[in-house]
Amino acid sequence: PVSKQINSFVSGIQDTLGYFRDNKLLREENEQTKKELTVLQEKLFQLQELELENARLQELLNYKEERDANYELVLARVIGRGPSNWYQSIIIDIGRNHGLQINMPVVNHQGLVGTIINVTDNSAEVLLILNGEGAVGARILENRVPGVVIGDGRSGTLQMVHLPHDADVRAEQTVVTSGLGVLYPKGIRIGTVVD
């Protein structure tokens, strides 16, 4: 009986020590799994970003191919914002060495972005049409109603002004450049009427 008691006591101690040893091992495995999960989540975010970038580049490539007959387009990447006018301009990664000049229009697959206001050898500053300081001669594509598009500064919207009083303007109509100016060629999409 004493031997049974001692064996039972020793077995209990061994089970307790085994529990702590197993618990420590499980905690270490848990920490390692958390680290691996963090690495996998970061890789997933990187893959999602690459997928979105690939989709944007495909849209730009399609846009470029559609317009190659009418315009000479070069692709650029936005690398910053204008330091003195954060909401009014962007910096792109190509410049004079790529054929860019002041007053050239800048577009993306959705339409008109702005015009180049400053050029260096390898970068250019683009004044956005949203800035509120410039105006773009425009017309409604569907019915050729003329007007002028101006930016609203920080709101991220444009307004079309100087419309004829009897103009038939409706939501979902497309606004394009009129070509009645020296900066923007005719027919570049500006946006869609929302109100």
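## A walk through two sheets

Start with the strands β1, β2, β3, β4 and β5: they make an open sheet of 5 strands, in the order β1-β2-β5-β4-β3, and the pairing is antiparallel. Now look at β1 and at β3 (105-108), which stand at the edges with a single partner strand each, so one side of each has no neighbour in the sheet. Going from one strand to the next, the twist averages 40°. Strands of a sheet pair through backbone hydrogen bonds, either parallel or antiparallel.

Before going further, keep in mind that you are looking at a predicted model. The protein has an average pLDDT of 84, and 84% of its residues score at least 70. Colour by confidence if your viewer can do it. Where does confidence drop to its lowest, and where is it highest? The lowest mean, 78, belongs to helix α1 (residues 2-67), while strand β9 (residues 174-177) has the highest, at 93. Where pLDDT is low, the predicted coordinates should not be read in detail.

**Zoom out for a moment**

Show the whole chain as a cartoon. You should find 1 helix and 10 strands, and following the sequence gives the pattern α-β-β-β-β-β-β-β-β-β-β. Of the 195 residues in the protein, 24% are buried. Switch on the surface: the protein exposes about 13900 Å², and carbon and sulfur atoms supply 54% of that. Take contacts between residues at least 6 apart in sequence: 41% of them join residues at least 24 apart.

**Stop 1: strand β2**

Select residues 89-92, which are strand β2. Which way do the side chains go? S89 and I91 point one way, I90 and I92 point the other way, and all are buried. In a regular strand the side chains alternate between the two faces of the sheet.

Next, add the partners of β2. Strand β1 (residues 78-81) pairs with β2 in the antiparallel sense, over 3 bridges, and β5 is joined to β2 by 4 bridges, again antiparallel. Click on I90 in β2 and you'll find R81 opposite. I90 also stands opposite V126 in β5.

**Stop 2: T115 and its surroundings**

Move on to T115, which is in strand β4 (residues 111-119). Is T115 buried or exposed? With a relative accessible area of 6%, T115 is buried, because buried means under 20%. Show everything around T115: leaving aside neighbours within four places in sequence, the contacts are N103, M104, P105, E125, V126, L127, L183 and Y184. Then draw a distance from the side chain of T115 to the backbone oxygen of M104: a polar atom of that side chain lies 3.2 Å from this oxygen.

One of those contacts of T115 is N103, so select N103 next. N103 is in the loop between β2 and β3. Its phi is near 75°, a positive value in a residue other than glycine. N103 counts as partly exposed, at 43% relative accessibility.

**Stop 3: N131 in a loop**

Now go to N131, in the loop between β5 (124-128) and β6 (135-140). How accessible is N131? N131 has a relative accessible area of 5%, and it is buried because that falls under 20%. A polar atom of the N131 side chain lies 2.7 Å from the backbone oxygen of L128. Select D152 as well: D152 and N131 are 21 residues apart along the chain, yet their C-alpha atoms are separated by 6.6 Å.

**Stop 4: the other sheet**

Hide what you have and show β6 to β10. These 5 strands form an open sheet in the order β8-β7-β6-β9-β10, with antiparallel pairing. The edge strands here are β8 (158-161) and β10 (189-192), and each pairs on one side only. From one strand to the next, the twist averages 35°.

Pick out β9 and β10, which run antiparallel and are joined by 3 bridges. Select V176 and look across to β10: the residue opposite is R189.

**Last stop: E172**

Finish at E172, in the loop between β8 and β9. E172 is not a glycine, but it has a positive phi of about 80°. Is E172 buried or exposed? E172 is exposed, with a relative accessible area of 64%.

Key: Residues are numbered from 1 along each chain as its sequence is written. Side-chain values use heavy atoms; hydrogens and water are left out. pLDDT is the predictor's confidence in each residue, from 0 to 100. Two strands pair if DSSP finds at least two bridges between them. Axes are lines fitted to C-alpha atoms, for helices over the stretch in contact, and angles run from 0 to 180 degrees between N-to-C directions. Buried means under 20% relative accessible area, exposed over 50%, partly exposed in between (1.4 Å probe, protein chains only). A polar contact is a pair of N or O atoms within 3.5 Å; within protein, one must be able to donate a hydrogen and the other to accept it, and residues adjacent in sequence count only if both atoms are side-chain atoms. Contact means heavy atoms within 4.5 Å. Accessible areas come from the Shrake-Rupley method with a 1.4 Å probe; for residues, only the protein chains shown count as cover.
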